[in-house]
Amino acid sequence: MLLWRRDRLAQAVSLYKARVTQIWSSLDRQFLDDDDPRLSVEVKYDPLAIAQALTDVIRQETGWRRFFQEHALPYIEVCHEDFVSDPAAQGKRLLEALDIDPVGVALPAPRLERQGGADNDAMVREFRELLGQPAAQ
């Protein structure tokens, strides 16, 4: 399976913030003490670090696509935004790709929560402005 995002800049901002805070998912928080310093890290807008994260995101996705193609490996693509908007439908697609009949299979609700919010959106917007790009639709 290849999981990818349409909005690679948003993915890059998330990656940048995870690198700074060392909190990689909402599930990580359940293992942290209330006074863990990672919970209070202020992530400042850093266009160079975001550009590096964007480069890494593009290289990683390109590398996985190349790997699957060069080795003639079958794979299914799942777009992050599609999964977030309809996890049940995407879960059904994955089961069908594995030749598993999804009828009667109870798929658990996703446990992850969106970590970023307005601050992620603001960094994405500011980076797009830096590039002279219009806001994403």
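Which residues lie nearest the centre of the largest pocket? Keep that in mind as you open the model, which is a predicted one, and let's start the tour right there.

**Stop 1: the largest pocket**

Select Arg5, Ser14, His80, Arg114 and Gln115: these are the residues nearest the centre of the largest pocket, out of 50 that line it. The volume of this pocket is about 1600 Å³. Now colour β1 (2–4), α1, α2, α3 (80–85), α4 (87–97) and α5, since each of these elements gives two or more residues to the lining. Helix α1 gives the most, with 7 residues.

**Stop 2: the largest nonpolar core**

Next, select Leu9, Val13, Tyr16, Ile50 and Met123. They have the most contacts inside the largest nonpolar core, a group of 14 residues. Helices α1, α2 and α5 (118–131) each supply at least two residues of this core, and the largest share, 6 residues, comes from α1.

Stay with Met123 for a moment and show what surrounds it. Beyond its neighbours within four places in sequence, Met123 is in contact with Val13, Tyr16, Val43, Lys44, Tyr45 and Ile50.

**Stop 3: along helix α2**

Show α2 as a cartoon and pick the C-alpha atoms at its two ends. They are 34 Å apart, which agrees with the span of 34 Å expected for 24 residues at 1.5 Å a residue.

Which residues of α2 are buried? Select Ile50, Ala53, Leu54, Asp56, Val57, Glu61, Arg65 and Phe68 to see them.

Now go to the start of the helix. There, a side-chain oxygen of Asp46 comes to within 3.2 Å of the backbone nitrogen of Leu48. Pro47 is a residue of α2 too, and it is partly exposed, with a relative accessibility of 28%. Leaving out neighbours within four places in sequence, you will find Pro47 in contact with Phe127 and Leu130. Try a distance label between the C-alpha atoms of Pro47 and Ala12: it should read 11 Å, although the two are 35 residues apart in sequence.

**Stop 4: the loop before α2**

Select Asp36, which sits in the loop between α1 (8–21) and α2 (47–70). Is Asp36 buried or exposed? Its relative accessible area is 14%, so Asp36 counts as buried. Show the side chain of Arg38 as well, and you can draw the 2.8 Å polar contact that joins it to the side chain of Asp36.

**Stop 5: two residues with positive phi**

For the last stop, turn to the backbone. Most residues other than glycine have a negative phi. Two residues to look at here are Ala72 and Asp99.

- Ala72 comes just after α2, in the loop between α2 and β2 (77–79). Its phi is positive, at about 50°, although Ala72 is not a glycine. Ala72 counts as exposed because its relative accessibility is 67%, above the 50% cut-off.
- Asp99 lies in the loop between α4 and α5. Its phi is near 60°, again a positive value in a residue other than glycine. With a relative accessible area of 73%, Asp99 is exposed.

To finish, bring back the selection from the first stop, Arg5, Ser14, His80, Arg114 and Gln115, at the centre of the view. Then add α1, which gives 7 residues to the lining of the largest pocket and 6 residues to the largest nonpolar core.

Conventions:
Residues are numbered from 1 along each chain as its sequence is written. This is a predicted model: local features need pLDDT of at least 70, side-chain atom pairs count only at pLDDT 80 or more; totals for chains, interfaces and linings use all residues. Side-chain values use heavy atoms; hydrogens and water are left out. Helices (H or I, at least four residues) and strands (E, at least two) are DSSP runs, numbered from the N terminus. Buried means under 20% relative accessible area, exposed over 50%, partly exposed in between (1.4 Å probe, protein chains only). A polar contact is a pair of N or O atoms within 3.5 Å; within protein, one must be able to donate a hydrogen and the other to accept it, and residues adjacent in sequence count only if both atoms are side-chain atoms. The expected span of a helix is 1.5 Å times one less than its number of residues. A nonpolar core is a set of buried Ala, Val, Leu, Ile, Met, Phe, Trp, Tyr and Cys residues joined through side-chain atoms within 4.5 Å. Contact means heavy atoms within 4.5 Å. On a 1 Å grid over the protein atoms alone, a cavity is a set of points where a 1.4 Å probe fits but cannot get out, and a pocket is an open set with protein on both sides within 12 Å along at least five of seven lines; lining residues have an atom within 4 Å of a point. Grid points are joined across faces, edges and corners, and a volume is the space filled by probe spheres set on the points.
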